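Biologist: Could you take me through one part of this model up close? I'd like the aromatic rings and the strands around them, with the cut-offs spelled out.

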Amino acid sequence: MIRRRVRFRGLFRKYFLVLFLAVVVPLAANGVSEAWFGYRDQRAMLTQLLGLEARSAAARIENFLDGITNQLGSLVQLPWGEEPDPKRQIDAVRLLRQVPAIVSITLVDGAGRERLHVSRIGLSRTESRTDRSGDAAVAGVRSARIWYGEVGYYRGSEPYLTLALSGSRPLVGAVVAEVNLKLIWDVISAIKVGETGSAFVLDRPGRLVAHPDISLVLRGADEATLAPFQAIREAVIQAGAGIATSRDAQGTALAAAAAPVAGPDWTVVVEQPLSEAFGPIRAALWRTGGLLLAGIAFAGLLAFALARRMTEPIRLLEEGTERIGAGQFDHRIGIRTGDELQRLADSFNTMATELAVSQERQERIAKLRRFLAPQVAELVDRKGDDGVLEGHRAEVVAVFCDLRGFTAFSARAAPEEVMSVLSEYYEALGEIITHYAATLTSFSGDGLMVLVNAPVPVEEPALQAVDLAVEMQRSVQELIVGWQARGHRIGFGVGLAMGSATVGRIGYRSRFDYTAIGSVVNLAARLCASAADREILTDENVAEAVRGKRAVTPLGPRALKGYDREMPVFGISSDGHPPPPPG
């Protein structure tokens, strides 16, 4: 029989080279890079375009206002005399005709007195000599040659701007004009960004000065109308030098940029819907998506062709893993494909062997854990046999504990409440017993018997048993506080004794317990029965072993049930600390 040498051909290489390197990876990389760089370039171009349009619009509005101030400047060239000046009135009327945006003109002399007022919508006045020095416009123009007021609304709709211009000398006085801002509509309506992009102007408080839809401007200071525009401006301010994204009143996502209008402290905002701004990118993404779908379909055909050749090995793997998962660890998967599938089958076969060994070990430990502490079960497992559980003599510390007043409590409390108290009680003590490597040999109702130094040996069994008892007393006392709040009068006492005892397992084939037999067990039980709430009582052997290391108090001889003479009894302080040195 000729034995052929197995050559492993990588299953990953078969799929990766045929599918990803041939089709999917190049298309995906190209699509992602095209989308990323296209988006970045489009955003940069949009930032430049919107910023340019905003600055251009701001410059046009500034030119509009500069044209008005230049015209008004001709009226404040010469100082006023005491006599009326008919020529100035003629010049003012001519200016109203030449500049339709000006609604009214008021001339004041160097002392702040009104000398002339002409208006399109009101009565004209000459030489009223009314003191106007307290007006905001007159006061403002004294500190700055050109002063711009807040935007106001005529009859609550048409926006007006009050501006003032002072002469080159104080004696010349100043001119105050009211300008109808509806005419800025010509500037704003001429701005187009793409197909649907537009611009609008807000004053410093956020009121609409100009918009292509003039009906929005004529609504005046309506908060519901102004809120979306103010939100767009706020988003632009937060975005800094780049474009900002926000939504208009209809919920349409927008890209926006802004530029300030020097002088009146206005802001020109240019906006364009994101759907239009990034339209070219979306078209490119659709094209890329179509190519990716075609590539994936082609890759799927290749994968199907290769998968047909792999059906039988995969079926064997599936069947084998199901049988191993069902616990048939003697089953072996036979695959000879020379690739990762064969390696995987070999790994499953190895795993089945290890699982069989592990299951046997876990079953043995599980049986031990039914009546031994986890440390004892692990000890038996490490030694490989349960000989340590056979009966023998050992120096142990027996610890007994139970609840005071539990019988009366269980007689009057509901069964559910009794079980709840016991559950909390055993949960707290179980963690402590495990932590101190002690062995819980039995529990009945509220009473527990714990052994220290058997079968797991410890260096200082008496000291460890005392610390165990102190920790148990502390933990249960914390529970008692909660029980008392629920109306239960329960206490907790502990008794310890150290001495030689016969230890080992006892029971029958399907049920074993680990226990200790000897006078030390009886003594610990009697000490526990004699202990009051919060007390930890111990015999002379334990007290002598921990003297100087833990706080021990002689309590004198005490009569214990089952003993014909009084036994010396000692108390352990619940704080567990040694007493202070004498002197």
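Modeller: Here is a walk through the aromatic cluster and its strands, followed by a second sheet and a few backbone details.

First, the ground rules: this is a predicted model, so local features need pLDDT of at least 70 and side-chain atom pairs count only at pLDDT 80 or more, while totals for chains, interfaces and linings use all residues. Residues are numbered from 1 along each chain as its sequence is written, and side-chain values use heavy atoms, with hydrogens and water left out.

Now the rings. Rings of Phe, Tyr and Trp (its six-membered ring) pair if their centres lie within 6.5 Å; planes under 30 degrees apart count as stacked, over 60 as edge-to-face and the rest as tilted. That rule gives five aromatic pairs. In one of them, the ring centres of Tyr425 and Tyr426 are 5.3 Å apart with the planes at 50°, so this pair is tilted. Tyr425 also pairs with Phe492: here the centres are 6.0 Å apart and the planes stand at 75°, so the pair is edge-to-face. This second pair links distant parts of the chain, with Tyr425 in helix H12 (residues 415-435) and Phe492 in strand S15, 67 residues apart. Helices (H or I, at least four residues) and strands (E, at least two) are DSSP runs, numbered from the N terminus. Tyr425, Tyr426, Phe443 and Phe492 form one aromatic cluster.

How does the cluster sit with respect to solvent? Buried means under 20% relative accessible area, exposed over 50%, and partly exposed in between (1.4 Å probe, protein chains only). Tyr425 is buried at 0%, and Phe492 is buried at 0% too. Tyr426, with 24%, is partly exposed.

Phe492 brings us to the strands. Two strands pair if DSSP finds at least two bridges between them. S15 (residues 491-508) runs antiparallel to strand S12 (residues 392-404), and 13 bridges join them; Ala398 stands opposite Ala497 of S15. S12 is also joined to strand S14 (residues 447-452), again antiparallel, by five bridges, and Cys401 has Leu448 in S14 as its bridge partner. In the loop between S14 and helix H13 (461-485) you'll find Pro455; the peptide bond leading into it from Ala454 is cis, with omega near -5°.

For the second sheet, look at an open one of five strands in the order S8-S7-S11-S10-S9, with antiparallel pairing. Its edge strands, S8 (208-210) and S9 (244-247), each pair on one side only. The twist averages 40° from one strand to the next; axes are lines fitted to C-alpha atoms, for helices over the stretch in contact, and angles run from 0 to 180 degrees between N-to-C directions. Helix H6 (residues 223-239) packs on this sheet, touching S7, S8, S9, S10 (253-261) and S11, and its direction makes about 165° with that of S9. Contact here means heavy atoms within 4.5 Å. Within the sheet, S7 (residues 198-202) and S11 (residues 266-273) pair over five bridges, and Phe200 stands opposite Val269 in S11.

Last, a backbone oddity for your torsion checks. Arg534 has phi near 75°, a positive value in a residue other than glycine. Arg534 is in the loop between helix H14 (519-530) and strand S17 (536-538), and is exposed at 54%.
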